[in-house]
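Visitor: I should like to go through this structure with you and ask, for each term you use, what justifies the word.
Guide: Gladly; here is the structure we shall discuss.

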Amino acid sequence: MFQTLLDALLNDNKLDEKLGLTGKQKRLVQNTWAIVRKDEVSVGVALVLAFFKQYPESKKEFKSFKDVPLDELPKNKRFQAHCINIVATLGKVIEQMHDPELMEATLINFTEKHKARGQTPEQFENLKQVILEAFPSLFGKHYTSDVQEAWKKTLDLIFSRICQVYTD
């Protein structure tokens with residue numbers, strides 16, 4: 001039993017060179033993400049609504065709901081579906097942290113689709129900021145300084161890979 005605890009502790013502190021995250025940081029991100037997964041629709045809707053409120057010009061890019069008033073969006077099924085896709089994609093990337101090459105390939109595929117539709121690196125950076133601002137209320141008491149640091153590193157990694165697709 002002592003050896004199991006020792007191994008867990010060592011893995012917690014071991015740095016994953018490819019991700020720049022410790023085992024503990026990866027675990028914190030995955031554990032807090034489980035909170036989001038309990039209600040992907042509500043979380044996705046809240047994130048995208050916050051994004052549209054901060055960056056109203058972005059809403060115009062979504063032809064299926066660009067003309068729907070903000071206060072009606074939460075009940076719009078096309079909007080909900082898009083919000084779920086965002087949460088699911090981020091969730092998929094987080095689940096793939098054990099395989100950094102797969103994680104990167106997922107991000108490349110995702111980014112290439114959005115690049116072809118005209119989305120910009122700035123829009124992704126804006127979304128990252130909205131997500132970071134939402135986490136304290138999403139995670140509540142689970143949002144410790146360690147969780148905050150782990151998520152900041154994770155989102156910096158994800159969004160740097162996204163921006164890299166635009167420069168390659």
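The conversation that follows takes up burial, salt bridges and a cavity in turn.

Guide: Please keep in mind throughout that this is a predicted model.

Visitor: Why is Glu40 called buried?
Guide: Glu40 has a relative accessible area of 18%, and because buried means under 20%, Glu40 is classed as buried. Glu40 belongs to helix H3, which runs over residues 40-54, and once its neighbours within four places in sequence are set aside, Glu40 is in contact with Ile84 and Val87.

Visitor: What makes the pair of Arg37 and Glu40 a salt bridge?
Guide: The closest N and O atoms of Arg37 and Glu40 are 3.2 Å apart, and the criterion asks for a side-chain nitrogen of Lys or Arg within 4 Å of a carboxyl oxygen of Asp or Glu, so the pair counts as a salt bridge. The side chains of Glu40 and Arg37 are also joined by a polar contact of 3.2 Å, a term that requires N or O atoms within 3.5 Å.

Visitor: Is Arg37 buried or exposed, or does another word apply?
Guide: Arg37 has a relative accessibility of 42%, and because buried means under 20% and exposed over 50%, Arg37 counts as partly exposed.

Visitor: How do you know that Glu101 and Lys18 form a salt bridge, and which parts does the pair tie together?
Guide: The N to O distance between the side chains of Glu101 and Lys18 is 2.4 Å, and since the limit is 4 Å, the salt bridge is assigned. Glu101 lies in helix H5, whereas Lys18 lies in the loop between strand E1 (15-16) and strand E2 (21-22), so the pair ties together parts that are 83 residues apart in sequence. Glu101, with a relative accessible area of 45%, is partly exposed, and Lys18, at 48%, is also counted as partly exposed.

Visitor: Why is the pair of Glu149 and Lys153 called a salt bridge?
Guide: The closest N and O atoms of Glu149 and Lys153 are 4.0 Å apart, and because the rule accepts atoms within 4 Å, the pair is listed as a salt bridge. Both residues lie in helix H7, four residues apart, which is about one turn of the helix. Glu149 is partly exposed at a relative accessible area of 42%, and Lys153 is partly exposed at 33%.

Visitor: How many salt bridges does a search of the whole structure find, and which residues are linked in a network?
Guide: The search finds ten salt bridges, and a network of them links Glu125, Lys128, Lys152 and Asp156.

Visitor: How many cavities are counted, and what volume does the largest have?
Guide: The count is one cavity of 30 Å³ or more, and the space within the largest cavity is about 40 Å³. A cavity, in this sense, is a set of points where a 1.4 Å probe fits but cannot get out.

Visitor: Which residues line the largest cavity, and which elements give two or more of them?
Guide: The lining consists of Leu19, Pro100, Met103, Glu104, Leu107, Leu157 and Arg161. Helix H5 (100-116) and helix H7 (145-167) each give two or more residues, with H5 supplying the largest share, four residues.

Visitor: What classes of residue make up that lining?
Guide: The lining of the largest cavity has five nonpolar, no polar and two charged residues. Because Leu, Met and Pro count as nonpolar and Glu and Arg as charged, the two charged residues are Glu104 and Arg161.

How values were computed:
Residues numbered from 1 in each chain as written. Predicted model: local features only at pLDDT ≥ 70, side-chain atom pairs only at ≥ 80, totals over all residues. Heavy atoms only, no water. 1 Å grid on protein atoms, 1.4 Å probe; cavity = no way out; pocket = protein on both sides within 12 Å on 5 of 7 lines; lining within 4 Å. Points joined across faces, edges and corners; volume = space filled by probe spheres on them. Buried < 20%, exposed > 50% of the residue type's maximum accessible area, 1.4 Å probe, protein only. Polar contact = N/O pair within 3.5 Å; in protein donor to acceptor, adjacent residues only side chain to side chain. Contact = heavy atoms within 4.5 Å.
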